[in-house]
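User: Please take a close look at one helix of this structure and tell me what surrounds it. After that, I would like to follow the description outward to the parts that lie around it.

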2 protein chains.
Amino acid sequence: MKNRNFFMQEGIREAKEAYERDSVPVGAVIIRSNKIISKAGNEVIKRHDPTAHAEILAIRHAASLIKSEFLDDCEIYVTLEPCAMCAQAISLARIKRLYFGAYDQKYGAIIHGSRIFEHAIHKPEVIGGVFESQCREILQDFFKTKRY
Amino acid sequence: MKNRNFFMQEGIREAKEAYERDSVPVGAVIIRSNKIISKAGNEVIKRHDPTAHAEILAIRHAASLIKSEFLDDCEIYVTLEPCAMCAQAISLARIKRLYFGAYDQKYGAIIHGSRIFEHAIHKPEVIGGVFESQCREILQDFFKTKRY
């Protein structure tokens with residue numbers, strides 16, 4: 001039986017791949033019946049697409065795979081607290097549980113900012129801070145090289 | 001010189017096409033230099049994609065067209081008050097102005113719910129209620145047939 005450590009490490013691997021292609025290093029993994037059905041890293045720069053966050057790509061792929069816009073029986077692992085766009089996508093897809101790694105005071109919209117799930121019709125269970133320091137360090141490294 | 005009436009009517013045409021394919025009738029149009037560069041209707045059902053709202057599809061297409069994730073010099077017309085996902089996508093794409101038609105007390109996130117732009121780093125100018133009753137009636141018709 002695979003556990004949350006394994007799944008978040010897969011998300012971290014996706015984040016590192018995003019780093020390699022010069023994109024903000026965030027990864028997302030979608031789980032159904034204890035199996036990974038979809039995973040993605042941020043591809044905003046590569047695709048010239050402001051919506052190509054890891055979560056959106058992973059959700060789109062999972063939904064197309066199971067031929068339904070509802071992912072009721074799925075969980076999502078993300079290395080960073082989702083922004084409002086991704087949080088609302090998670091709610092629209094009715095994903096049952098969200099695990100995230102690092103906290104994001106600037107764009108995060110789960111426990112920061114617009115706190116999407118306080119207003120959403122579908123509210124997933126949320127577990128934050130999973131492998132927090134590892135997820136945060138990858139981002140800090142990236143932004144150091146960028147001098148953002 | 002085309003004006004906002006013309007552009008919103010194009011959005012309404014997209015909404016009607018979404019209606020025909022049994023999707024929630026919302027349309028979006030993106031304008032640059034007074035020309036339509038991208039337009040789309042809701043395709044959630046058709047694509048099995050919870051993120052395939054009209055705004056997201058129109059933004060993705062416009063960004064791929066101009067090969068940039070930033071649509072700074074663009075405006076977006078939407079027939080319905082955007083949800084949190086779409087509002088954040090509009091902010092991430094740095095679209096300069098948002099015109100929307102009908103108000104949405106349930107999912108709207110501009111003047112309702114999570115009020116995304118109050119927390120967003122990029123806040124577009126917002127003009128709501130453009131052809132409000134026409135945009136609302138299409139939606140009311142649709143939901144009447146669905147008995148939602």
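Analyst: In this predicted model, the buried residues of helix H4 (84–92) of chain A pack against helix H3 (54–66), strand S3 (74–80) and strand S4 (97–102) of chain A, together with helix H4 (84–92) of chain B. The helix therefore has partners in its own chain as well as in chain B, as the contacts of its buried residues show. How many of the residues of H4(A) are buried? The count is 9 of its 9 residues, and the helix is accordingly described as mostly covered. Among these buried residues are Ala84(A), Met85(A) and Cys86(A), and the list also includes Gln88(A), Ser91(A) and Leu92(A). H4(A) is followed by Arg94(A), a residue whose phi is positive, near 60 degrees.

The packing of H4(A) against H4 of chain B leads to the question of how the two chains are related. In general, two copies of a chain are related by a rotation about an axis and a shift along it. Here, chain B can be laid on chain A by a turn of 180 degrees and a shift of 0.0 Å along the axis, with an RMSD of 0.0 Å, which means that the relation is that of a two-fold axis. In chain B, the C-alpha nearest this axis belongs to Met85(B), and its distance from the axis is 1.8 Å. Both copies use the same surface, since 100% of the contact residues of chain B recur in chain A.

Strand S3(A), one of the elements packed against by the buried residues of H4(A), leads on to strand S1(A), because 5 bridges join S1(A) to S3(A), and the two strands run antiparallel. Strand S1 (residues 27–32) of chain A has 5 of its 6 residues buried, so it is largely enclosed by the rest of the structure. S1(A) also pairs with strand S2 (residues 35–41) of chain A, again in the antiparallel sense, over 6 bridges. Ile31(A) can be followed into both pairings, for its bridge partner in S2(A) is Ile36(A), while its bridge partner in S3(A) is Glu75(A). S1(A) and S2(A) form a hairpin with 2 residues between them, and Ser33(A), in the turn, has a positive phi of about 50 degrees.

Charged side chains can be followed in a similar way, and a search of the whole structure finds 22 salt bridges over all chains. In one of them, Glu43(A) is joined to Arg47(A), with the closest N and O atoms 2.8 Å apart. Glu43(A) is buried, because its relative accessible area of 13% is under 20%, whereas Arg47(A), at 38%, is partly exposed. In chain B, the side chains of Lys46(B) and Glu43(B) meet in a salt bridge at 3.8 Å, N to O; Lys46(B) counts as exposed at 54% relative accessibility, while Glu43(B) counts as buried at 14%. In chain A, salt bridges that share partners join Arg21(A), Glu43(A), Lys46(A) and Arg47(A) into one network.

A further salt bridge lies within helix H5 (residues 132–146) of chain A, where Arg136(A) and Glu132(A) are 4 residues apart and therefore separated by about one helical turn. The closest N and O atoms of this pair are 3.2 Å apart. Arg136(A) is partly exposed, with a relative accessible area of 32%, and Glu132(A), with 28%, is also partly exposed.

Notes: Residues numbered from 1 in each chain as written. Chains lettered and ligands numbered in written order. Predicted model: local features only at pLDDT ≥ 70, side-chain atom pairs only at ≥ 80, totals over all residues. Heavy atoms only, no water. Salt bridge = Lys/Arg side-chain N within 4 Å of Asp/Glu carboxyl O. Buried < 20%, exposed > 50% of the residue type's maximum accessible area, 1.4 Å probe, protein only. Least-squares fit on C-alpha atoms with pLDDT ≥ 70 in both. Contact = heavy atoms within 4.5 Å.
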